[in-house]
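Got the viewer open? Load the model and follow along, one selection at a time.

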Amino acid sequence: MKLFIKGKMFDNLDKVTVTGENGDALYYLERDTSAGSHMITVTGADGKKTRRH
(Lines give C-alpha, C1' and ligand atoms only; values in the text may rest on other atoms or scores of the structure.)
Protein backbone atom coordinates (compact mmCIF):
# COMPACT_ATOMS: atom_id res chain seq x y z
CA MET A 1 0.00 0.00 0.00
CA LYS A 2 1.30 3.45 -0.89
CA LEU A 3 0.48 6.49 1.24
CA PHE A 4 0.57 10.07 -0.03
CA ILE A 5 0.99 13.33 1.86
CA LYS A 6 0.34 16.61 0.07
CA GLY A 7 2.81 19.20 1.29
CA LYS A 8 5.56 18.71 3.79
CA MET A 9 4.49 17.53 7.20
CA PHE A 10 7.12 19.52 9.08
CA ASP A 11 6.47 22.85 7.37
CA ASN A 12 4.25 25.35 9.10
CA LEU A 13 1.20 23.21 8.40
CA ASP A 14 -1.01 22.42 11.35
CA LYS A 15 -3.09 19.76 9.58
CA VAL A 16 -2.16 17.23 6.91
CA THR A 17 -4.24 14.58 5.14
CA VAL A 18 -2.68 11.23 4.28
CA THR A 19 -4.37 9.55 1.31
CA GLY A 20 -4.16 6.11 -0.23
CA GLU A 21 -3.48 5.16 -3.83
CA ASN A 22 -7.11 5.73 -4.83
CA GLY A 23 -7.21 9.24 -3.32
CA ASP A 24 -9.34 8.39 -0.28
CA ALA A 25 -8.30 9.98 3.02
CA LEU A 26 -6.87 7.35 5.37
CA TYR A 27 -5.38 9.45 8.17
CA TYR A 28 -5.39 13.02 9.37
CA LEU A 29 -2.31 14.41 11.12
CA GLU A 30 -2.56 17.48 13.32
CA ARG A 31 0.38 19.16 15.03
CA ASP A 32 -0.14 20.63 18.49
CA THR A 33 1.57 24.03 18.46
CA SER A 34 0.72 25.03 22.04
CA ALA A 35 3.52 25.77 24.51
CA GLY A 36 6.28 24.41 22.29
CA SER A 37 4.71 20.97 22.22
CA HIS A 38 5.89 18.48 19.63
CA MET A 39 2.84 16.23 19.82
CA ILE A 40 1.12 15.00 16.68
CA THR A 41 -2.44 13.69 16.78
CA VAL A 42 -3.16 10.94 14.28
CA THR A 43 -6.82 10.41 13.47
CA GLY A 44 -7.84 7.46 11.34
CA ALA A 45 -10.61 7.61 8.78
CA ASP A 46 -12.77 5.83 11.37
CA GLY A 47 -12.38 8.80 13.76
CA LYS A 48 -10.17 7.06 16.35
CA LYS A 49 -7.40 9.30 17.69
CA THR A 50 -3.97 8.53 19.11
CA ARG A 51 -1.27 10.96 20.26
CA ARG A 52 2.35 10.48 19.34
CA HIS A 53 5.55 12.37 20.01
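Start with a cartoon of the whole chain: the protein has five strands and zero helices, in the order β-β-β-β-β from the N terminus on. Both kinds of element are DSSP runs numbered from the N terminus, helices being H or I with at least four residues and strands being E with at least two.

A quick word on ground rules: this is a predicted model, so to speak, where local features need pLDDT of at least 70, side-chain atom pairs count only at pLDDT 80 or more, and totals for chains, interfaces and linings use all residues. Residues are numbered from 1 along each chain as its sequence is written, and side-chain values use heavy atoms, with hydrogens and water left out.

Now switch on the surface. The accessible area comes to about 4,400 Å², with 53% belonging to carbon and sulfur atoms (Shrake-Rupley, 1.4 Å probe; for residues, only the protein chains shown count as cover). Of the 53 residues, 19% are buried, meaning under 20% relative accessible area, while exposed is over 50% and partly exposed is in between.

Next, select Tyr27 in strand 3 (residues 25-31). Tyr27 is partly exposed, at 37% relative accessible area. Add Met1 and Leu3: with Tyr27 they make a nonpolar surface patch of about 370 Å².

Then jump to strand 4 (residues 40-44) and pick Thr43. Is Thr43 buried or exposed? It's buried, with a relative accessible area of 14%. Leaving out residues up to four places away in sequence, Thr43 touches Leu26, Tyr27, Tyr28, Lys48 and Lys49, a contact being heavy atoms within 4.5 Å.

Key: Patches are made of residues with over 30% relative accessible area and no salt bridge: like charges are joined within 9 Å, nonpolar side chains (Val, Leu, Ile, Met, Phe, Trp, Tyr) within 5 Å. A salt bridge is a side-chain nitrogen of Lys or Arg within 4 Å of a carboxyl oxygen of Asp or Glu. Buried means under 20% relative accessible area, exposed over 50%, partly exposed in between (1.4 Å probe, protein chains only).
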